[in-house]
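Dear colleague,

I am handing over the structure below, and my notes on two parts of it follow. Please read them with the coordinates open beside you.

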Amino acid sequence: MKAVGLVVEYNPFHNGHLYHLEASKTASEADAVIAVMSGNFLQRGEPALVSKWARTKMALKQGADLVIELPYAYATQKAETFADGAISILEALGCSSVCFGSENGEISPFLETAELLNSHHAEYQQLVKQFMKEGMSYPSAQTSAFLAIETDSRPLDLSLPNNILGFQYVRAIQKQKASIRPLTIKRTAAGYHDEDFNSSPIASATSIRKAMFSDEQKDISRFVPSSTNELLRQYDSEHGVLHQWENYFDLLKYTVCTMSTEEMRQIYEVEEGLENRVKAVMMQAESFKEFMEQLKTKRYTWTRLQRMCLHLLTRTTKGQMLQAGGRAPYLRLLGMSGAGRSYLNMVKKNLETPLVSVLSSFSHPLLELDIKASAVHAMILPEPLRSQCIKREYSTRPIQYDREKDCFL
């Protein structure tokens with residue numbers, strides 16, 4: 001069997017994801033699809049709408065064969081670290097290829113750009129540092145450094161979000177000397193940051209979430225598979241909430257107000273005196289949106305500050321996050337189809353990275369972060385549901401889906 005890897009968040013799974021999954025399987029001629037999926041918190045520093053278990057069901061219903069959790073220590077990081085963790089998981093599982101969506105849609109510019117930056121590595125790193133000293137955010141500094149390199153060829157637009165992430169997957173493959181072949185599918189109809197719907201049945205996850213949380217609660221059924229709609233409704237009915245940052249603002253405020261500035265300085269992403277600004281702004285803010293709008297500066301992107309807030313909420317220290325090296329130390333299995341089980345049986349004897357299906361069978365400091373993150377994600381729920389969701393992290397075995405019978409076993 002041959003597998004193609006996808007790096008995903010599915011927040012929620014929508015028609016664009018379905019197109020990407022099916023096109024990736026076709027382009028790679030794969031027998032199985034492996035989705036490396038962020039857990040209960042995401043790369044932009046946001047809580048997932050619904051639990052990783054509900055999103056695993058969305059993925060399996062629409063064609064994923066294995067769903068593996070991307071650990072918190074990678075899932076909530078900048079693009080390079082996010083990509084390093086995801087690619088290491090796919091390489092460990094013996095994936096033949098990884099396929100990502102991009103604004104460009106052709107793989108050769110990604111490979112050419114990687115070669116260009118490899119040959120100008122020292123100059124590029126120096127320019128990034130220079131632009132950051134001038135007050136630019138890290139992503140802006142990277143883009144400006146790339147544009148500042150003197151060269152006749154600039155094959156890839158690194159100002160576009162999916163191009164940036166796809167480029168980091170290619171760089172991660174090269175750094176890790178992985179045997180994975182990179183492929184890309186052109187992103188269609190909706191841009192990554194688009195906030196409004198258009199006539200296409202494909203919309204961005206950003207616009208779908210905006211519609212779900214709007215006062216009118218707009219209908220999203222045209223933009224998501226029926227199984228996604230059903231699972232979202234089921235989760236909302238059972239839990240009484242779809243998770244967003246505003247739900248966690250009281251917890252964040254409590255955390256900031258009860259931590260000393262010295263304690264805050266130990267938290268990952270709290271740098272350059274930000275702890276003082278955070279404390280001062282928090283005293284005045286009455287909502288998460290108001291807090292972020294007052295905290296935001298030219299130097300720090302909204303995403304960067306959200307990730308910092310998340311690490312404050314989970315009390316994740318610099319020392320804990322620095323344990324995330326280039327390769328993920330375990331493979332946390334969340335779900336599988338029949339084809340996924342067959343693929344696992346084929347590669348299991350050659351796995352060098354531990355496969356974790358039951359938490360009691362394995363321990364690791366980074367896994368402890370995943371467990372803590374899941375508990376924090378559940379903190380906004382009422383009892384006894386909160387305690388049940390926290391226990392679920394230990395009691396839930398990988399979800400098994402029978403595609404022929406269309407049922408979970």
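Along strand E8, which covers residues 399–402 of this predicted model, the side chains alternate between two faces: Ile399 and Tyr401 point to one face and are buried, whereas Gln400 and Asp402 point to the other face and are not buried.

E8 has strand partners in E6 and in E9. With strand E6 (residues 331–337) the pairing is parallel and is made through 3 bridges, and in this pairing Tyr401, one of the buried residues of E8, is the bridge partner of Ser337. With strand E9 (residues 407–408) the pairing is antiparallel and extends over 2 bridges, and here Asp402, whose side chain is on the face that is not buried, stands opposite Cys407. The hairpin of E8 and E9 has 4 residues between the strands, and Asp406 takes a positive phi near 50° in that hairpin.

The other part concerns a pair of helices. The axes of helix H13 (residues 274–284) and helix H14 (residues 288–295) come within 9 Å and cross at roughly 140°, which means that H13 is oblique to H14, given that roughly antiparallel would require an angle over 145 degrees. The crossing of the two helices is right-handed. On the H13 side, the contact is made by Arg277, Val278, Val281, Met282 and Gln284, which meet Glu290, Phe291, Gln294 and Leu295 of H14; the residues of this contact divide into 5 nonpolar, 2 polar and 2 charged.

With best regards

Notes:
Residues are numbered from 1 along each chain as its sequence is written. This is a predicted model: local features need pLDDT of at least 70, side-chain atom pairs count only at pLDDT 80 or more; totals for chains, interfaces and linings use all residues. Side-chain values use heavy atoms; hydrogens and water are left out. Axes are lines fitted to C-alpha atoms, for helices over the stretch in contact, and angles run from 0 to 180 degrees between N-to-C directions. Angles under 35 degrees count as roughly parallel, over 145 as roughly antiparallel, 65 to 115 as roughly perpendicular and the rest as oblique. A crossing is left-handed if the near helix is turned anticlockwise from the far one by less than a right angle, and right-handed if clockwise. Contact means heavy atoms within 4.5 Å. Ala, Val, Leu, Ile, Met, Phe, Trp, Tyr, Cys and Pro count as nonpolar, Asp, Glu, Lys and Arg as charged, and the others, Gly among them, as polar. Buried means under 20% relative accessible area, exposed over 50%, partly exposed in between (1.4 Å probe, protein chains only). Two strands pair if DSSP finds at least two bridges between them.
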